[in-house]
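I opened this notebook to record what I looked up in a single chain, entry by entry. The structure goes in first, and my notes come after it.

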Amino acid sequence: MNPINEAHVSRPGLLVVDVAAADDVTALAFQQLLADRWATAAAEQTTRDAGQPGVRLRCYLDLRQQVPAAAVVGPTMEPTRARP
């Protein structure tokens with residue numbers, strides 16, 4: 001991973017999150033959990049380091065900006081049909 005830029009942690013509530021995971025799906029799912037709750041500058045893809053196991057990604061969070069529950073996209077349910 002590259003060094004952390006001072007601007008990304010210049011104020012309380014700003015975080016840099018480095019994630020190491022077994023696979024892309026796991027890393028991106030974890031990132032999505034963070035993005036569902038806080039303002040997040042998300043990574044679009046993971047990286048692999050030669051000779052190292054798994055994948056890595058870095059995302060940036062702002063804990064001062066929570067995402068409203070209504071804005072979180074979750075599973076949807078099909079409308080039920082009235083029985084005749």
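The entries below go from the overall layout to the core, the charged pairs and a few single residues.

**Entry 1: model and confidence.** I began by noting that this is a predicted model, and so I looked up the confidence before anything else. The mean pLDDT of the chain is 80, and 76% of the residues reach at least 70. Comparing the elements, I found the highest mean, 94, in helix 1 (residues 24-35), and the lowest, 89, in strand 2. Residues 74-84 fall below 50 in pLDDT, and that stretch has 0 contacts in the model beyond near neighbours in sequence. Where pLDDT is low, the predicted coordinates should not be read in detail. I therefore take no details from residues 74-84, given their pLDDT below 50.

**Entry 2: layout.** I read the secondary structure as 1 helix and 3 strands, in the order β-α-β-β when followed from the N terminus. The chain has 84 residues, of which 19% are buried. For the accessible surface I noted about 6700 Å², with carbon and sulfur atoms accounting for 55% of that area. I also looked at how contacts are spread along the sequence: among those between residues at least 6 apart, 60% join residues at least 24 apart.

**Entry 3: the nonpolar core.** Which residues make up the largest nonpolar core? I listed 11 residues, namely Val17, Val19, Ala21, Ala27, Leu34, Trp38, Ala43, Val55, Leu57, Cys59 and Leu61. At least two residues of this core come from each of strand 1, helix 1 and strand 3, and strand 3 gives the largest share, with 4 residues. I then followed Val19, which, leaving out residues up to four places away in sequence, touches Ala27, Phe30, Val55, Arg56 and Leu57. Ala27, Val55 and Leu57 in that contact list are also members of the core.

**Entry 4: salt bridges.** Side chains of opposite charge can pair when their charged atoms come close. I looked up how many salt bridges the structure holds, and the number is 3.

- Asp18 pairs with Arg58, and their closest N and O atoms lie 2.6 Å apart. Because Asp18 sits in strand 1 (residues 14-21) and Arg58 in strand 3, the pair ties together parts that are 40 residues apart in sequence. Asp18 is partly exposed at 40% relative accessible area, whereas Arg58 is buried at 14%. The two side chains also appear as a polar contact of 2.6 Å.
- Asp49 and Arg56 meet through their side chains at 3.1 Å, N to O. Here I noted both partners as partly exposed, with a relative accessible area of 31% for Asp49 and 25% for Arg56.
- Arg64 and Asp62 form a salt bridge of 2.8 Å, N to O. Arg64 is partly exposed at 46%, while Asp62 is buried, with a relative accessible area of 8%.

**Entry 5: Thr46.** Is Thr46 buried or exposed? I had placed this residue in the loop between strand 2 (38-41) and strand 3 (55-66), and its relative accessible area of 14% makes it buried, because the cut-off is under 20%. Its side chain joins that of Asp24 in a polar contact of 2.4 Å. Leaving out residues up to four places away in sequence, I listed Asp24, Ala27, Leu28, Val55, Arg56 and Leu57 as the residues that Thr46 touches. Among them, Ala27, Val55 and Leu57 belong to the nonpolar core of Entry 3, and Arg56 is the salt-bridge partner of Asp49.

**Entry 6: Pro12 and Arg64.** My last look-up was Pro12, which lies in the segment before strand 1 and is exposed, with a relative accessible area of 72%. Where does Pro12 stand with respect to Arg64? The two are 52 residues apart in sequence, yet their C-alpha atoms are 8.5 Å apart in space. I add that this Arg64 is the residue already noted in a salt bridge with Asp62.

Technical notes
Residues numbered from 1 in each chain as written. Heavy atoms only, no water. Buried < 20%, exposed > 50% of the residue type's maximum accessible area, 1.4 Å probe, protein only. Polar contact = N/O pair within 3.5 Å; in protein donor to acceptor, adjacent residues only side chain to side chain. Contact = heavy atoms within 4.5 Å. Areas by Shrake-Rupley, 256 points an atom, 1.4 Å probe, with all protein chains shown as cover. Salt bridge = Lys/Arg side-chain N within 4 Å of Asp/Glu carboxyl O. pLDDT = per-residue confidence, 0-100. Core = buried A, V, L, I, M, F, W, Y, C linked by side-chain atoms within 4.5 Å.
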